Amino acid sequence: MENIIEVKNLAKVFGNQSALEDVNFQVKKGETFGFLGPSGSGKTTTIKILTGQLLQTSGDAEVFGVKNTALNTAAYRKRIGVLSDNSGLYQRLSIEENLKLYCDLYDVPRKRMEEVLDLVNLSGERKKVVSKLSKGMTQRVLLARTLLHEPDLLFLDEPTSALDPANSKQIHDGLRLLNEKGTTIFLTTHDMSEAETLCNRVAFLNKGKIQLLDEPKTLRRQFADGSVRLELKNGQIISLPGGAEGADEVYKYMSNNEIVSIHSNEPTLGDIFVEITGRELV
Amino acid sequence: MTFSWKRIYAIFNKDLKDLSKNLFVSSIIVLPILMAFLYGGMYDMNLELHYMVINLTLASVTAFIQCAVIAEEKEKHTLRGLMLSPASLTEILTGKSLVTLFLTAITLVLCSMIMDYEPASLGMVAIALIISMLFYIGIGTLLGLLSRTVVEASVIILPVIFLFGFGSLLMVLVDKYPALSFIEYLPNIQLVEFAYKVEEGLGFGDLWSHLAILLAWAVVSFIVTAFVYKKRELD
């Protein structure tokens with residue numbers, strides 16, 4: 001499958017502080033790629049480099065086969081959408097007035113505004129002034145604005161940070177739908193459940209270096225220790241190791257008809273991150 | 001380099017709506033209008049006083065509004081959105097500047113009517129005013145890019161209002177201290193000298209040097225502004 005993003009030996013130094021170090025990855029067309037790491041790990045710096053807002057110190061980054069140093073063009077900007085928790089709207093204007101501006105900037109018909117407002121479930125709120133919106137609604141308007149021109153590639157920098165679970169779910173549903181339609185998504189987050197829900201592949205970024213990169217399912221299997229968790233009829237929950245020893249125990253409980261449920265003890269992405277980096281994802 | 005009037009008009013339209021709801025910034029146009037009324041009522045108006053009000057309009061309305069709208073785009077993180085859209089530097093700055101020019105033109109016309117100022121050659125004065133406006137647009141944009149908030153912008157613009165709005169008062173110092181003769185080349189002073197020559201009925205041959213100096217100020221302010229914008233665009 002065609003690579004939309006190719007990053008080779010990317011490094012970025014601010015003053016004498018290294019933000020990115022020898023970063024390598026590719027993002028394939030149509031995939032949702034998760035760039036995971038705690039605050040300050042280099043996620044936003046990577047997005048800024050890939051969107052032509054920042055130049056790297058060394059290494060190569062290509063998007064749509066074009067080097068990032070040549071990305072500062074209207075043609076490239078029409079193909080990408082960028083949403084971060086730092087994106088802003090015009091507070092004194094209504095949702096509709098904000099979106100109309102971007103319809104004209106991207107030269108897309110006004111009817112497209114109806115479609116994106118439907119997608120983020122804000123059709124009935126279009127006349128509301130932005131300053132009166134909740135954080136969740138503002139984030140949905142920003143997503144709507146990002147999707148107006150139907151970008152081929154979406155850069156989402158912590159899109160659901162500070163949102164409640166209901167609003168996050170709504171954003172996730174919208175993103176899944178877009179991805180099904182073929183939009184490639186580059187997602188940075190420190191929310192592991194968000195990554196598990198949305199991403200085809202994830203990279204763990206820590207202190208500017210990629211520590212691990214693979215499919216979430218593969219990583220969980222790779223780091224699983226084979227142990228199982230049993231819920232017994234007496235309400236007890238026990239964890240048993242893999243191998244012959246564990247199998248004997250499971251057999252014993254099963255023979256006595258004491259088991260309510262058995263689950264494999266696969267680690268979460270958060271567990272794996274802590275194991276690899278020794279750091280929590282906050 | 002792209003240039004789309006549709007995008008420029010979209011930015012102009014947005015800024016006009018936004019400014020109409022932003023009294024903190026748009027109410028600045030009251031200042032020169034009040035001055036025009038005040039001088040008109042108190043003094044026998046002469047060219048010096050006309051141009052004190054006109055220069056104040058350029059320094060306060062043109063430079064401050066431009067500075068404040070740019071600073072607010074930065075403060076609210078909306079400038080980044082524009083920069084990541086297909087709109088080019090020229091389109092963004094043209095769209096934003098048109099609103100400022102529009103409000104400046106209205107203020108200048110109102111002040112001229114209040115002061116009963118009718119230049120001997122409206123065409124020549126209009127050319128000089130347009131070039132001056134470009135300079136103040138450049139200065140306003142530059143200071144807006146350097147400010148982090150609208151409040152900061154309203155402070156950072158004060159020296160500009162003092163120097164260029166009331167700068168003709170500094171001419172007294174030039175006679176006393178010849179080392180300060182560079183003040184004569186400031187755009188506000190050049191504008192006054194230009195206006196005197198227009199009233200004397202002099203033609204383009206005698207006026208072009210003032211226009212050239214004004215243009216040089218405008219070009220320098222645009223070059224510095226473009227440099228700072230590009231630097232900001234790439235962080």
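In this predicted model, A:Glu231 has A:Ile237 of β12(A) as its bridge partner. The pair belongs to a wider match between strand β11 (residues 228-232) of chain A and β12(A), which run antiparallel and are joined by four bridges. Both strands sit in an open sheet of three strands in chain A, ordered β12-β11-β13, with antiparallel pairing. Because β12 (237-240) and β13 (259-264) of chain A each have a single partner strand, they stand at the edges, and one side of each lacks a neighbour in the sheet. From one strand to the next, the twist averages 20°.

Chain A also holds an open sheet of six strands, in the order β6-β7-β8-β3-β9-β10, and here the pairing is mixed. The edges are taken by β6 (80-84) and β10 (209-214) of chain A; each has a single partner strand, so one side of each is left without a neighbour in the sheet. Ignoring direction, neighbouring strands of this sheet are turned by 15° against each other on average. At the β6 edge, β6(A) pairs with strand β7 (residues 153-157) of chain A in the parallel sense, over five bridges. Within β7(A), A:Asp157 is the residue opposite A:Ser84.

Two helices of chain A lie across strands of the six-stranded sheet. Helix α1 (residues 43-50) of chain A lies across β3 (32-36), β7, β8 (184-189) and β9 (201-206) of chain A, and runs at about 150° to β8(A). Helix α8 (residues 216-223) of chain A lies across β9 and β10 of chain A, running at about 95° to β10(A).

In chain B, consider a pair of helices. Two packed helices are described by the angle between their axes and the distance between the axes. For helix α7 (residues 122-146) and helix α11 (residues 187-199) of chain B, the axes come within 10 Å and cross at roughly 175°. Angles over 145 degrees count as roughly antiparallel, and α7(B) and α11(B) are therefore roughly antiparallel to each other. Residues of α7(B) in the contact include B:Leu129 and B:Phe135, while those of α11(B) include B:Leu191 and B:Phe194. By class, the contact of α7(B) with α11(B) has ten nonpolar, two polar and no charged residues.

The two chains also meet each other. Their contact takes 27 residues from chain A and 26 residues from chain B. Between them, chain A and chain B bury about 2,600 Å², with 56% of it on carbon and sulfur atoms. Four salt bridges are counted between chain A and chain B. One salt bridge links the side chains of A:Asp107 and B:Lys6, at 2.7 Å, N to O.

Technical notes:
Residues numbered from 1 in each chain as written. Chains lettered and ligands numbered in written order. Predicted model: local features only at pLDDT ≥ 70, side-chain atom pairs only at ≥ 80, totals over all residues. Heavy atoms only, no water. Pairing = 2+ DSSP bridges. Axes fitted to C-alpha atoms, helices over the stretch in contact; angles between N-to-C directions. Contact = heavy atoms within 4.5 Å. Parallel < 35°, antiparallel > 145°, perpendicular 65-115°, else oblique. Nonpolar A, V, L, I, M, F, W, Y, C, P; charged D, E, K, R; others polar. Buried area = accessible area lost by both parts, 1.4 Å probe.
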